[in-house]
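Open your viewer and get ready to click along. We will go from one selection to the next and look at what is there.

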Amino acid sequence: MIPALYNLEADGDLPSALTVVGFARRDKTDTQFRAELEEAAKKFSRQTIKDELWSHFAESIFYLRSEFGDDEGYKRLAAQLSRIDLERGTGGNRLFYLSVAPSEFEGILSKL
């Protein structure tokens with residue numbers, strides 16, 4: 001997903017408010033998450049990753065750690081998404097991409 005989004009950014013086709021929030025169980029920082037995604041983009045993007053463009057694009061990527069069954073994690077996610085709405089003008093527009101086992105879908109979707 002990130003290589004495709006980077007390509008759209010490089011082509012000038014992404015809205016400026018687009019923001020990516022990773023929500024997963026592994027403990028990592030925004031910086032670590034961005035570095036992982038940059039490596040994936042370098043490996044799978046159809047375009048060469050340009051440092052300046054990636055730096056700008058990466059400013060719109062965030063990470064939040066939570067167990068999928070933790071209600072408090074979803075409350076933190078809701079608060080972060082509300083802050084992003086205010087700061088970046090996303091207006092509540094959201095797309096949720098679940099990269100988990102299908103057995104996790106129902107629980108996650110009920111909490112979202």
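## A walk through the model

The buried residues of helix α3 pack against α1, α2 and β2. Keep in mind as you look around that this is a predicted model.

**Stop 1: helix α3.** Select W54, F57 and A58, the buried residues of α3. Now look down the helix: these residues cover an arc of only 95° around the axis, which puts them on the same side of α3. Next, show what surrounds F57. Leaving out residues up to four places away in sequence, F57 touches I2, L5, Y6, E9 and L14.

**Stop 2: the largest nonpolar core.** Which residues touch the most other members of this 14-residue core? Select I2, L5, L37, W54, F57 and I61 to see them. Then colour α1 (2–10), α2 (30–44), α3 (51–58) and β2 (61–65), since each of these elements supplies at least two residues of the core. Another core, of seven residues, lies apart from this one, and F23, Y74, L77 and L81 are among its members.

**Stop 3: helix α2.** Select residues 30–44. This helix has 15 residues and spans 21 Å from its first C-alpha to its last, close to the 21 Å expected at 1.5 Å a residue. Highlight F33, L37, E38 and A41, which are buried in α2. Viewed down the axis of α2, the buried residues fall within an arc of 140°, so they line one face of the helix. A general rule helps here: an α-helix has 3.6 residues a turn, so residues three or four places apart point the same way. Turn to the face of α2 that points away from the buried side, and you will find the exposed residues T31 and K43. The cover over the buried residues of α2 includes α1, β1 (20–24), α3 and β2.

**Stop 4: F23.** Move to strand β1 and select F23. Is F23 buried or exposed? With 19% relative accessibility, F23 counts as buried. Beyond its neighbours within four places in sequence, F23 is in contact with L64, S66, F68, G73, Y74 and L77. Try a distance label between F23 and F68: they are 45 residues apart in sequence, and their C-alpha atoms are 8.8 Å apart in space.

**Stop 5: the largest pocket.** Finish by selecting M1, V20, V21, G22 and Y97, which lie nearest the centre of the largest pocket among its 40 lining residues. Its volume is about 1,400 Å³. The elements that give two or more residues to the lining are α1, β1, α2, α4 (71–88) and α5 (102–111).

Notes
Residues are numbered from 1 along each chain as its sequence is written. This is a predicted model: local features need pLDDT of at least 70, side-chain atom pairs count only at pLDDT 80 or more; totals for chains, interfaces and linings use all residues. Side-chain values use heavy atoms; hydrogens and water are left out. A nonpolar core is a set of buried Ala, Val, Leu, Ile, Met, Phe, Trp, Tyr and Cys residues joined through side-chain atoms within 4.5 Å. Buried means under 20% relative accessible area, exposed over 50%, partly exposed in between (1.4 Å probe, protein chains only). Helices (H or I, at least four residues) and strands (E, at least two) are DSSP runs, numbered from the N terminus. Contact means heavy atoms within 4.5 Å. The expected span of a helix is 1.5 Å times one less than its number of residues. The arc is that of the directions from the helix axis to the C-beta atoms. On a 1 Å grid over the protein atoms alone, a cavity is a set of points where a 1.4 Å probe fits but cannot get out, and a pocket is an open set with protein on both sides within 12 Å along at least five of seven lines; lining residues have an atom within 4 Å of a point. Grid points are joined across faces, edges and corners, and a volume is the space filled by probe spheres set on the points.
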